[in-house]
Amino acid sequence: MSEYVEIHTESGDEPDTLLIETNVQLAVDEAEQYNSVEGLEEGSPLAQALAFVPGIRQVTLEGRTMTVRHDPAVPLHVIVADISAVIRDFFL
């Protein structure tokens, strides 16, 4: 495993969508789709950790990418910082 985690973010086509690319494998075999916080709470260990990030509504994990639908009322920089912290804590 790498000694560091690279995280690149960009806004999606919709105003409530965030695209995240990393240098670590977020989903191993097939895409994971979580349509609610409750789904995250029952998902993979990474999904369970993401369930605590305020503002997340839906998450798709596929390979080294994550697509997040979020509550537009929560500042995007807060969501990005929280997700980045979860990913780094999970993999380091």
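The following paragraphs go through a predicted model, from overall dimensions to the strands, the nonpolar core and a few individual residues.

The protein has 3 helices and 5 strands. Read along the sequence, these elements come in the order β-β-β-α-α-β-β-α. The chain has 92 residues, and a compact globule of that length would have a radius of gyration near 12 Å; the value for this protein is 12 Å, so the two agree. Along the principal axes, the C-alpha trace spans about 35 × 25 × 20 Å. The accessible surface comes to about 5,500 Å², and carbon and sulfur atoms contribute 49% of that area. Of the 92 residues, 38% count as buried. Among contacts with a sequence separation of 6 or more, 52% are between residues 24 or more positions apart.

The strand pairing can be followed from the N-terminal side. Strand 1 covers residues 7–11 and strand 2 covers residues 17–22; the two run antiparallel and are joined by 5 bridges. Together they form a hairpin, with 5 residues between the strands. Two opposed positions help to fix the register: T9 stands opposite I20 in strand 2, and S11 stands opposite L18 in strand 2. Strand 2 also pairs with strand 5, again through 5 bridges and in antiparallel orientation. In this second pairing, I20 stands opposite M66 in strand 5. I20 therefore has T9 opposite it in strand 1 and M66 opposite it in strand 5. In a regular strand, side chains alternate between the two faces of the sheet.

The next topic is the packing of nonpolar side chains. In soluble globular proteins, such side chains tend to be buried together. Here the largest nonpolar core contains 25 residues, and the members that touch the most other members are L61, M66, I83 and I87. Two or more residues of this core come from each of strand 2, helix 2 (45–50), strand 4 (56–62), strand 5 (65–70) and helix 3 (76–91). Helix 3 supplies the largest share, 5 residues.

Which residues does I83 touch? Not counting residues up to four places away in sequence, I83 touches L18, I20, L50, V53, I56, M66 and V68. Two of these contacts lead back to the strand pairing described above, since I20 and M66 stand opposite each other there.

L61, another of the residues with the most core neighbours, is found in strand 4. Is L61 buried or exposed? Its relative accessible area is 0%, so L61 counts as buried. Leaving aside neighbours within four places in sequence, L61 is in contact with L26, A27, E30, A31, E32, Y34, S44, L46, L50 and M66. L50 and M66 are thus in contact with L61, and L50 and M66 are also touched by I83. For a distance in the other direction, L61 and Y4 are 57 residues apart along the chain, and their C-alpha atoms are separated by 20 Å.

Q58 also has its place in strand 4. With a relative accessible area of 28%, Q58 is above the 20% limit for a buried residue and below the 50% limit for an exposed one, so it is partly exposed. Apart from residues up to four places away in sequence, Q58 touches Y34, N35, T67, V68 and R69. Y34 is in contact with L61 as well. The C-alpha atoms of Q58 and V37 are separated by 7.3 Å, although the two residues are 21 residues apart along the chain.

Helix 1 (residues 37–41) contains G39. At 24% relative accessibility, G39 counts as partly exposed. G39 and I56 are 17 residues apart in sequence and 12 Å apart in space, C-alpha to C-alpha. I56 is one of the residues that I83 touches.

The last feature concerns aromatic rings. The structure holds 1 aromatic pair. This pair is formed by F90 and F91, in an edge-to-face arrangement with 5.0 Å centre to centre and 75 degrees between the planes. The two residues fall into separate accessibility classes: F90 has a relative accessible area of 38% and is therefore partly exposed, whereas F91 has 13% and is therefore buried.

Definitions and conventions. Residues are numbered from 1 along each chain as its sequence is written. This is a predicted model: local features need pLDDT of at least 70, side-chain atom pairs count only at pLDDT 80 or more; totals for chains, interfaces and linings use all residues. Side-chain values use heavy atoms; hydrogens and water are left out. Two strands pair if DSSP finds at least two bridges between them. Helices (H or I, at least four residues) and strands (E, at least two) are DSSP runs, numbered from the N terminus. A nonpolar core is a set of buried Ala, Val, Leu, Ile, Met, Phe, Trp, Tyr and Cys residues joined through side-chain atoms within 4.5 Å. Buried means under 20% relative accessible area, exposed over 50%, partly exposed in between (1.4 Å probe, protein chains only). Contact means heavy atoms within 4.5 Å. The radius of gyration is taken over C-alpha atoms; the globule rule is 2.2 Å times the number of residues to the power 0.38. Accessible areas come from the Shrake-Rupley method with a 1.4 Å probe; for residues, only the protein chains shown count as cover. Rings of Phe, Tyr and Trp (its six-membered ring) pair if their centres lie within 6.5 Å; planes under 30 degrees apart count as stacked, over 60 as edge-to-face and the rest as tilted.
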